[in-house]
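Thanks for sharing this one. Here are some notes to read alongside the coordinates, beginning with a small detail and working outwards.

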Amino acid sequence: MYTEDELLPVSALQHLVFCKRQWALIHLEQVWEENVLTIEGKQMHEKTDEIEREVRGDVITVRGLHIRSYKYGLVGKADVVEFIRISNKETLEGVSIKGQEGLWRPMPVEYKHGKPKTDICDEIQLCAQAMCLEEMLAVSIPRGALFYGKPRRRSAIDFTKRLRERTEEAAVDLHRMTIEQKTPEAQFEKKCLSCSLLKLCLPKTAGSGKSAKAYILQIIKEVSGGEDVVL
Amino acid sequence: MKRLLNTLYVTSQGAYLSKEGDTVHVKVENETKLRIPIHNLGSIVCFGQVSCSPFIMGLCGERNVSLAFFTENGRFMARVEGPVSGNVLLRRAQYRKADDQQTTGELARSIVVGKIANSRIVLMRALRDYPGCAGVEVIEGAIKKLARIMEDMKHIYSIDWVRGKEGEAARIYFEAFDYLITGQKDEFYFKERTRRPPLDNMNALLSFLYTLLTHDVASALEGVGLDPAVGFLHRDRPGRPGLALDLMEELRPILADRLALTLVNRRQVKGKGFIKRETGAVVMDDATRKEVLNAYQIRKRDEITHAFLDEKISLGLVPHVQAMLLARYFRGDLDGYPPFRWR
């Protein structure tokens, strides 16, 4: 069990799973490049902050719900949690909601601008939200949904045993790396091209073994030998 | 590469800046003069009697737009810092390096290597542009002497030794500097560097450009989370942006000295734009100051190839790139600090 002071943001899991160095740059070094994508993302999130609760027939939509888990040491905010009315009173998947009759099954929905990612990082972030909700509401949540801006499409995500294990591993990594406070070395990969921190990380320069010492000695050599050429 | 965004220089006295959504609203005497979306700006620099609402300060902080206040004559007064730039781990790494004698010497050497190489290019360009100018021998002599000092830089001794070499290089460079002024010789000449206050037109022009550059370097350092006050080549002194002054050393020849020479030699600034005050101090008039600000902005848009990154960037981004490389060195990604080399 973690204490309140040790809780770390759920959103960090997504960064960590995408790239450990990206996580370190954002969360340890607090390097942050606002680019068009992150600003659009923020605006999308701001929009989801506006309404708190909306009841429509058998679905109650709650936005901006604060969530946390002492077991996994996580804290955050769920974009949207839908509570869907269930008829089966025997299941462990329903909770009661103040002012509403019956039992409701919670389902986290995370909004992402842009296209679905090829790796698992968004699923992990969503699963972590579900694990927080399960702890807070004492229910079991079988699935959630990711909503992507491009194309405007929702896909259901099953919280399988495998996904839960991966999420737990990521949470353990997150706590270990936060204590270690070490930024992993840069390594250029294809996914770097889609990273908003590309220009602050400099994976091609910082991770290539390019030597600043050699570069300085080269300048000294060229200038003192009168070799530098004015173009 | 990061985009070079505009700097908004507000020189109108009595101007008031406020926030309107994501837009900076500039009013002078209750009349709207300008509305500019914040995402078009990298920096806002206010001269003299200019005021800002706390909300515009907040917006600048949130969007990493640096906001600074200068006196009308370009003396730095204050900078508004938002909540995002306090990177404790990076700053600790910087302080540890600053406390280490060997690193201090090595880093100071890198900076001085950059400075000597770039100063020398200014001299070489002058010879290329004005082959038969007066003082050719002096300039050529200075180029040779700088090459000899550069040879000494193969070894690193103490920080004091590096500082000594830096002083020597600066003296040689400034001794030849007067010959680089080829136009308006009656109005513009250079005998020695005077700063507090500048006592002639050329020194007034250089001082103003150095102020602009210091501001750009200091906000670039803050932008990447470094502490502009804790320097290596420059000793700590309360209130002095030591690290900003360090990084400036290698950038001055290109971003300030060369620009000052161009402005004078091409008669973009004129002697009558400079006013000698009772104490001998020289200040620029409003029109000249605006001309210089404008030329500085245009100069920053010039594209160059960064020798270490091997990437094309605009000159205005060089302070940011150097600050970033310095941060990456402090955090252990690079084995040294690669100074900017102009060629």
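1. Let me start with one residue pair in chain B: Thr305(B) has Lys312(B) as its bridge partner in S12(B). Please keep in mind throughout that this is a predicted model.

2. That pair belongs to a ladder of 4 bridges between strand S11 (residues 303-306) and strand S12 (residues 311-314) of chain B, and the two strands run antiparallel. Together S11(B) and S12(B) make a hairpin, with 4 residues between them. If you look at the turn, Asp310(B) has a positive phi of about 55°.

3. Next, an open sheet in chain B. Its 4 strands follow the order S1-S5-S7-S8, and the pairing is mixed. Strand S1 (6-10) and strand S8 (76-80) of chain B stand at the edges with a single partner strand each, so one side of each has no neighbour in the sheet. From one strand to the next, the twist averages 20°.

4. Within this sheet, S1(B) and strand S5 (residues 41-47) of chain B run parallel and are joined by 5 bridges. One place to look is Val10(B), whose bridge partner in S5(B) is Cys46(B).

5. Which helices pack on this sheet, and at what angles? Helix H6 (residues 201-223) of chain B lies across S1, S5, strand S7 (66-70) and S8 of that chain, running at about 150° to S7(B). Helix H8 (residues 286-300) of chain B also packs on the sheet, where it touches S1 and S5 of chain B. The direction of H8(B) makes about 175° with that of S1(B).

6. Chain B has another open sheet of 4 strands, ordered S4-S3-S2-S6, again with mixed pairing. Here the edges are strand S4 (31-37) and strand S6 (50-52) of chain B, each pairing on one side only. Neighbouring strands are turned by 25° against each other on average, with direction ignored.

7. A closer look at one edge of that sheet: strand S2 (residues 15-20) of chain B pairs with S6(B) in the parallel sense, over 3 bridges. Among the residues involved, Ala15(B) has Val50(B) as its bridge partner in S6(B). Helix H1 (residues 54-62) of chain B lies across S2, strand S3 (23-28) and S6 of chain B, and runs at about 65° to S2(B).

8. Now to the interface. The size of an interface is often given as the accessible area lost when the parts come together. By that reckoning, chain A and chain B bury about 3,700 Å² between them, with 55% of it on carbon and sulfur atoms. In terms of residues, 35 of chain A are in contact with 44 of chain B.

9. How many salt bridges does the rule find across the interface of chain A and chain B? There are 2, and one of them joins the side chains of Glu222(A) and Arg341(B), at 2.9 Å from N to O. Between the two chains, 8 residue pairs are in polar contact, counting pairs with both residues at pLDDT 80 or more.

10. Finally, what makes up the side of chain A that touches chain B? The elements giving two or more residues are helix H2 (20-28), helix H3 (36-49), helix H6 (198-201), helix H7 (203-206) and helix H8 (212-224) of chain A. H8(A) supplies the largest share, 10 residues. By class, this side has 18 nonpolar, 7 polar and 10 charged residues.

Definitions and conventions:
Residues numbered from 1 in each chain as written. Chains lettered and ligands numbered in written order. Predicted model: local features only at pLDDT ≥ 70, side-chain atom pairs only at ≥ 80, totals over all residues. Heavy atoms only, no water. Contact = heavy atoms within 4.5 Å. Buried area = accessible area lost by both parts, 1.4 Å probe. Salt bridge = Lys/Arg side-chain N within 4 Å of Asp/Glu carboxyl O. Polar contact = N/O pair within 3.5 Å; in protein donor to acceptor, adjacent residues only side chain to side chain. Nonpolar A, V, L, I, M, F, W, Y, C, P; charged D, E, K, R; others polar. Pairing = 2+ DSSP bridges. Axes fitted to C-alpha atoms, helices over the stretch in contact; angles between N-to-C directions.
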